[in-house]
Amino acid sequence: MAIITVTTQLTEKNMRTVNTQNGQKQVVSVPVIKDKDGNWIYASAFINFEVHEGDVLTISGRIEQKDDGQYKNNNFIYPTVERMYKPQQQQAKHQPSTPNFGRDSDPFSSDSPMDLNSDDLPF
């Protein structure tokens, strides 16, 4: 079997929360390949850490298809899931409230323009 790797941005449409024996888990469905009619075939993966809309994940693993009567369900088997990107709004929530010695400040956020004297410049 081949290992398939996909990268996707999480949206309301491609992620959901399900109840399992071990509590709530998040599931992500991603397009994997197109069939002969040009329709996307989707596969699902359980996510073991908290994710939010806007996160970009890379999911890699083997896909197994189970026939469930009228539907065929495709699931990643023991996938490797990595968060590649977390949107800035979510990152800001987790930052400490104390400044980090000037690294958190924006030098270009001044309301008034900087007054420069061209005689003081080295070039």
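Two residues are in contact when heavy atoms of theirs lie within 4.5 Å. The exercises below use a predicted model.

**Exercise 1. Find which residues Phe76 touches, leaving out residues up to four places away in sequence.**

Solution.
- Step 1. Apply the contact cut-off of 4.5 Å between heavy atoms.
- Step 2. Read off the partners with low numbers: Phe76 touches Ile4, Val6 and Val30, among others.
- Step 3. Add the partners Ala43, Ser44 and Ala45.
- Step 4. Finish with Ile59, Ser60, Gly61, Arg62 and Ile63.

**Exercise 2. Describe the order of helices and strands along the protein chain.**

Solution.
- Step 1. Count the elements: the protein chain has one helix and six strands.
- Step 2. Start at the N terminus and write the order as β-β-β-β-β-β-α.
- Step 3. Look at contacts between residues at least 6 apart in sequence: 51% of them join residues at least 24 apart.

**Exercise 3. Locate the largest nonpolar core and name the members that touch the most other members.**

Solution.
- Step 1. Set the background: the protein chain has 123 residues, and 24% of them are buried.
- Step 2. Take the largest nonpolar core, which holds 14 residues.
- Step 3. Pick out Val28, Val30, Ile47, Leu57, Ile59 and Phe76, which touch the most other members.
- Step 4. Assign the core to elements: strand 3, strand 4, strand 5 and strand 6 each give two or more residues.

**Exercise 4. Find the salt bridge and state whether each partner is buried or partly exposed.**

Solution.
- Step 1. Search the whole structure: one salt bridge turns up.
- Step 2. Name the pair: Asp55 and Arg83, with their closest N and O atoms 2.8 Å apart.
- Step 3. Place the partners: Asp55 sits in the loop between strand 4 (40-47) and strand 5 (56-68), while Arg83 belongs to strand 6 (residues 71-85). The two are 28 residues apart, and the pair links distant parts of the chain.
- Step 4. Judge Asp55: its relative accessibility is 0%, so Asp55 counts as buried.
- Step 5. Judge Arg83: its relative accessibility is 29%, so Arg83 counts as partly exposed.

**Exercise 5. Describe the largest pocket by its space and its lining.**

Solution.
- Step 1. Give the space: about 400 Å³.
- Step 2. Count the lining of the largest pocket: 17 residues. Ser44, Ala45, Phe46, Phe76 and Pro79 lie nearest the centre.
- Step 3. Trace the elements: strand 2 (15-20), strand 3 (23-34), strand 4 and strand 6 each supply at least two lining residues. Strand 6 gives the most, with six.
- Step 4. Sort the lining by class: 10 residues are nonpolar, four polar and three charged.

**Exercise 6. Do the same for the second largest pocket.**

Solution.
- Step 1. Give the space: about 190 Å³.
- Step 2. List the lining: Ile41, Tyr42, Ser44, Gln65, Lys72, Asn73, Asn74 and Asn75.
- Step 3. Trace the elements: strand 4 and strand 6 each supply at least two of these residues. The largest share, four residues, comes from strand 6.
- Step 4. Sort by class: the lining of the second largest pocket has two nonpolar, five polar and one charged residue.

**Exercise 7. Examine the backbone at Tyr78, then decide whether Tyr78 is buried or exposed.**

Solution.
- Step 1. Place Tyr78 in strand 6.
- Step 2. Check phi: Tyr78 is not a glycine, yet its phi is positive, at about 45 degrees.
- Step 3. Check the accessible area: the relative value for Tyr78 is 78%, so Tyr78 is exposed. The cut-off for exposed is over 50%.

Key
Residues are numbered from 1 along each chain as its sequence is written. This is a predicted model: local features need pLDDT of at least 70, side-chain atom pairs count only at pLDDT 80 or more; totals for chains, interfaces and linings use all residues. Side-chain values use heavy atoms; hydrogens and water are left out. A salt bridge is a side-chain nitrogen of Lys or Arg within 4 Å of a carboxyl oxygen of Asp or Glu. Buried means under 20% relative accessible area, exposed over 50%, partly exposed in between (1.4 Å probe, protein chains only). On a 1 Å grid over the protein atoms alone, a cavity is a set of points where a 1.4 Å probe fits but cannot get out, and a pocket is an open set with protein on both sides within 12 Å along at least five of seven lines; lining residues have an atom within 4 Å of a point. Grid points are joined across faces, edges and corners, and a volume is the space filled by probe spheres set on the points. Ala, Val, Leu, Ile, Met, Phe, Trp, Tyr, Cys and Pro count as nonpolar, Asp, Glu, Lys and Arg as charged, and the others, Gly among them, as polar. A nonpolar core is a set of buried Ala, Val, Leu, Ile, Met, Phe, Trp, Tyr and Cys residues joined through side-chain atoms within 4.5 Å.
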